[in-house]
Amino acid sequence: MNDQLLETMIGQLCAQPVPALSFGWQGGEPTLMGIDFYKKALGTMQRYGSGKMIANGLQTNGILMDQAWAQLFKQYQFLIGLSLDGPEHIHDHYRMQKNGKGSFEKVTAAAKRLLDAGVEVNVLTVINDYSVQFPEEIYTFHKSLGLQYMQFIPCLETDPGGNGVASYSVSAANYGQFLCKLFDLWLGDFSNGIPTTSIRFFESLLFQYAGFAPTECTQSKTCGNYLVIEHNGDVYPCDFYVDPDWKLGNLLERPLVDLMNSDKQTEFGKLKSKVPRECLACEWMKACRGGCTKDRFRNPNNENHNHFCEDYKEFFSYANQRLKKLSSDWKQKQFSH
């Protein structure tokens, strides 16, 4: 992203009549831009964003993370998403470097460096065909590193040859079991009714069960509440849909506020609510909302059927009563003070 585009993007966003803005820096690997790029971006935010609360997050594989990066992230209170899939045999199963060596040692060193500097770190773990076998090992390992804030993302990709689901994707038969075991581990670490670790999916469900808006877009009725801006200024409605069919426009040709409120963005947001008839009759519809739209288009028999449908049914059947109780207890504590 060149300087003109960077300034235009930040200027347009800061001009919006809102008290707070959030920038999420992703790639590829966003640290490849170099630390001076982010210093320039932060300086531009300070020029244009007077009086606003501006948050920054960055998603990284941690390979380039040195002390200078850690100090910058601490100084400007970045929230860092660090890609780490668990212990060495799990992480290095797929996350190999170009030289054929695993990246585990570099990533765990990055985690320690960031935590020692006082940076807020979320660990992002991709659940694939191998890692889905080890929920307890992954969870326990993250805790041992001091990574208390966790996100788990099921891998679902189309086979490169176009023949169904890629072999490394998490099996639809196993993901539900993984979620059930992870839920037990999370609950087992509660202290006096308070969670001591954070798992984003479960916490979002608690909000939903308590009658509030979920914090994860996958559990919302509609989506499309953020924009993806590519290095050349092209704008898309979601990072899973950076696709010519869903290009909203270019911020150098049309203001971001117009693109955010465009008919195409609205159309995209409504895709999520177009679920199969069986979903409408499902007892878990209010909790699931059909799952993420990106997970619906790899079923040859039913394009709107979510690949993980049976997994979610298994999980909600398993966790429903405890989620109800947790949300009820949480509400009582919130409103009794």
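Is lysine 143 buried, partly exposed or exposed? With a relative accessible area of 27%, lysine 143 is partly exposed. Keep in mind as you look around that this is a predicted model.

**Salt bridges across the chain**

Lysine 143 is a good place to start, as its side chain meets that of aspartate 189 in a salt bridge, 2.7 Å from N to O. Lysine 143 lies in helix α6 (residues 135–145), while aspartate 189 lies in the loop between α7 (175–188) and β6 (198–199), so this pair, 46 residues apart, links distant parts of the chain.

The count of salt bridges comes to 11. Three of them, each with its closest N and O atoms, are set out here.

| Pair | N to O distance | Separation along the chain |
|---|---|---|
| Arginine 47 – glutamate 7 | 3.2 Å | 40 residues |
| Lysine 143 – aspartate 189 | 2.7 Å | 46 residues |
| Aspartate 184 – arginine 322 | 3.0 Å | 138 residues |

Take arginine 47 and glutamate 7, which form a salt bridge. Here arginine 47 sits in helix α2 (residues 35–48) and glutamate 7 in helix α1 (residues 3–14), so the pair links distant parts of the chain. Arginine 47 has 52% relative accessibility and therefore counts as exposed, the cut-off being over 50%. Glutamate 7, at 32%, counts as partly exposed.

Next come aspartate 184 and arginine 322, joined by a salt bridge. Aspartate 184 belongs to helix α7 and arginine 322 to helix α13 (residues 309–336), another link between distant parts of the chain. Both partners count as partly exposed: aspartate 184 at 26% relative accessibility and arginine 322 at 30%.

**The sheet and helix α6**

Now for the strands. Six of them form an open sheet with parallel pairing, in the order β1-β2-β3-β4-β5-β6. Why is one side of β1 and of β6 left without a neighbour in the sheet? Strands β1 (20–25) and β6 stand at the edges and each has a single partner strand, so one side of each lacks a neighbour there.

Within the sheet, strand β3 (residues 79–83) pairs with strand β4 (residues 120–127) in the parallel sense, over 5 bridges. Glycine 81 stands opposite asparagine 122 of β4. Helix α6 packs on the sheet and touches β4, β5 (149–154) and β6, with its direction at about 150 degrees to that of β5.

That brings us back to the starting point: helix α6, which packs on the sheet, is also the helix that holds lysine 143.

Key:
Residues are numbered from 1 along each chain as its sequence is written. This is a predicted model: local features need pLDDT of at least 70, side-chain atom pairs count only at pLDDT 80 or more; totals for chains, interfaces and linings use all residues. Side-chain values use heavy atoms; hydrogens and water are left out. A salt bridge is a side-chain nitrogen of Lys or Arg within 4 Å of a carboxyl oxygen of Asp or Glu. Helices (H or I, at least four residues) and strands (E, at least two) are DSSP runs, numbered from the N terminus. Buried means under 20% relative accessible area, exposed over 50%, partly exposed in between (1.4 Å probe, protein chains only). Two strands pair if DSSP finds at least two bridges between them. Contact means heavy atoms within 4.5 Å. Axes are lines fitted to C-alpha atoms, for helices over the stretch in contact, and angles run from 0 to 180 degrees between N-to-C directions.
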